[in-house]
Structures are given as C-alpha cells and as structure tokens.
Amino acid sequence: MRADGTFAVKSFAPAELVPDPVVPTGVPVGVATMEKHFEGGVAGRSATLFTAAYDQAAGVGTYVAMESFEGSLNGRAGAFAFAHSATTTGVDRTAEFLVIVPSSGTGELAGITGTGGITVDADGTHRVWFDYAVD
C-alpha cells in the first residue's frame, strides 16, 4: 500500500549536545529536535531527533533523522518509528533513504514494515510517502 501526505515543521530546536571528543570538520555537526504535522493520507504528528553536518551559507550537507510518528496512514490509526537521511549539494537531494523501523508499529499499524521518501517542491511544500504493509 502507499500513503502520501504533506508536512510542515512546527518546531526546530537546536540541542546543546557536543560529541566527546570534539573533532572539527569542514562543516559543523549538530543535533536538534523537531515536531512535524502531517496532512493527507499520512495524517498526524511526529517527534524527530535530527542530526546534520551542514554548511548553512552554502546549503551543503547531510542529515540523518529518527522520527516517532503517531496518527494514521490511509485511515489506519497507530504509531511507528522511521529513519531517514539525505545529502544536498545546495541544488539537489541525493543518497535519500527512508525505512520504517521493524516492530515499532502500534494500534492498527502494529506489524508495519516498509520504506518511503521525502521530497521538497520548488514552492517549499514538503511531501512524504510510505510504501508499506501491515501484518
């Protein structure tokens, strides 16, 4: 099955987490928490742990995120976790990855497995989709 939706970031809060030992690189590495709200076939909200190595001025970097979602996929209510990442050179998104965490589903989404993706339209609209199965 496939569920499609859009989402908006409702909060983005950088965290004061610093790796030990500190290893300087060409782009800063940071951690933040996020809250997102979803609409469409993917409806609900999520809490995200977001890590990135990103040069804000150049728009170049890579992120890795672990997200806890609660809501519904095509009307099936529950919660699950998913991981995603992507790289940008400032003009594109590459090395994209999204996977639903096995055994993380609850409610009507218990037993969920699958993959998906995230895209950003030219107008800034964020889209997400899940290709999934529920046992």
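**Figure 1. Antiparallel pairing of strand 4 and strand 5 in the predicted model.** Strand 4 (60–73) and strand 5 (76–88) are paired by 13 bridges and run in the antiparallel sense. One of the pairs puts Val 64 opposite Ser 85, its bridge partner in strand 5. The two strands make a hairpin with 2 residues between them. In the turn, Asn 74 has a positive phi of about 50 degrees.

**Figure 2. Strand 5 and its pairing with strand 6.** Strand 6 covers residues 94–100 and is antiparallel to strand 5, with 5 bridges between them. Ala 83 has Val 99 of strand 6 as its bridge partner. This hairpin has 5 residues between the strands, and Gly 90 takes a positive phi near 105 degrees.

**Figure 3. Strand 2 between its two pairing partners, strand 1 and strand 3.** Strand 1 (residues 2–14) and strand 2 (residues 29–40) are antiparallel and joined by 9 bridges. Within this pairing, Thr 6 is matched with Glu 39 of strand 2. Strand 2 is also antiparallel to strand 3 (residues 42–55), with 10 bridges. Here the bridge partner of Ala 32 is Phe 50 in strand 3. A hairpin through 1 residue leads from strand 2 to strand 3.

**Figure 4. Surroundings of Thr 48 in strand 3.** Thr 48 counts as buried because its relative accessibility is 3%, while the cut-off for buried is under 20%. The side chains of Thr 48 and Glu 67 are joined by a polar contact of 3.4 Å. Apart from neighbours within four places in sequence, the residues in contact with Thr 48 are Ala 32, Thr 33, Met 34, Lys 36, Ala 65, Met 66 and Glu 67. Ala 32, in this contact list, is also the residue whose bridge partner in strand 3 is Phe 50.

**Figure 5. The largest pocket and its lining.** The volume of the largest pocket is about 800 Å³. Its lining consists of 28 residues, and those nearest the centre are Phe 12, Phe 50, Ala 52, Tyr 54 and Tyr 63. Two or more lining residues come from each of strand 1, strand 2, strand 3, strand 4, strand 5 and strand 7 (112–120). Strand 2 gives the most, with 6 residues. By residue class, the lining of the largest pocket holds 16 nonpolar, 9 polar and 3 charged residues. Phe 50, listed among the residues nearest the pocket centre, is the bridge partner of Ala 32 shown in Figure 3.

Conventions. Residues are numbered from 1 along each chain as its sequence is written. This is a predicted model: local features need pLDDT of at least 70, side-chain atom pairs count only at pLDDT 80 or more; totals for chains, interfaces and linings use all residues. Side-chain values use heavy atoms; hydrogens and water are left out. Two strands pair if DSSP finds at least two bridges between them. Helices (H or I, at least four residues) and strands (E, at least two) are DSSP runs, numbered from the N terminus. Buried means under 20% relative accessible area, exposed over 50%, partly exposed in between (1.4 Å probe, protein chains only). A polar contact is a pair of N or O atoms within 3.5 Å; within protein, one must be able to donate a hydrogen and the other to accept it, and residues adjacent in sequence count only if both atoms are side-chain atoms. Contact means heavy atoms within 4.5 Å. On a 1 Å grid over the protein atoms alone, a cavity is a set of points where a 1.4 Å probe fits but cannot get out, and a pocket is an open set with protein on both sides within 12 Å along at least five of seven lines; lining residues have an atom within 4 Å of a point. Grid points are joined across faces, edges and corners, and a volume is the space filled by probe spheres set on the points. Ala, Val, Leu, Ile, Met, Phe, Trp, Tyr, Cys and Pro count as nonpolar, Asp, Glu, Lys and Arg as charged, and the others, Gly among them, as polar.
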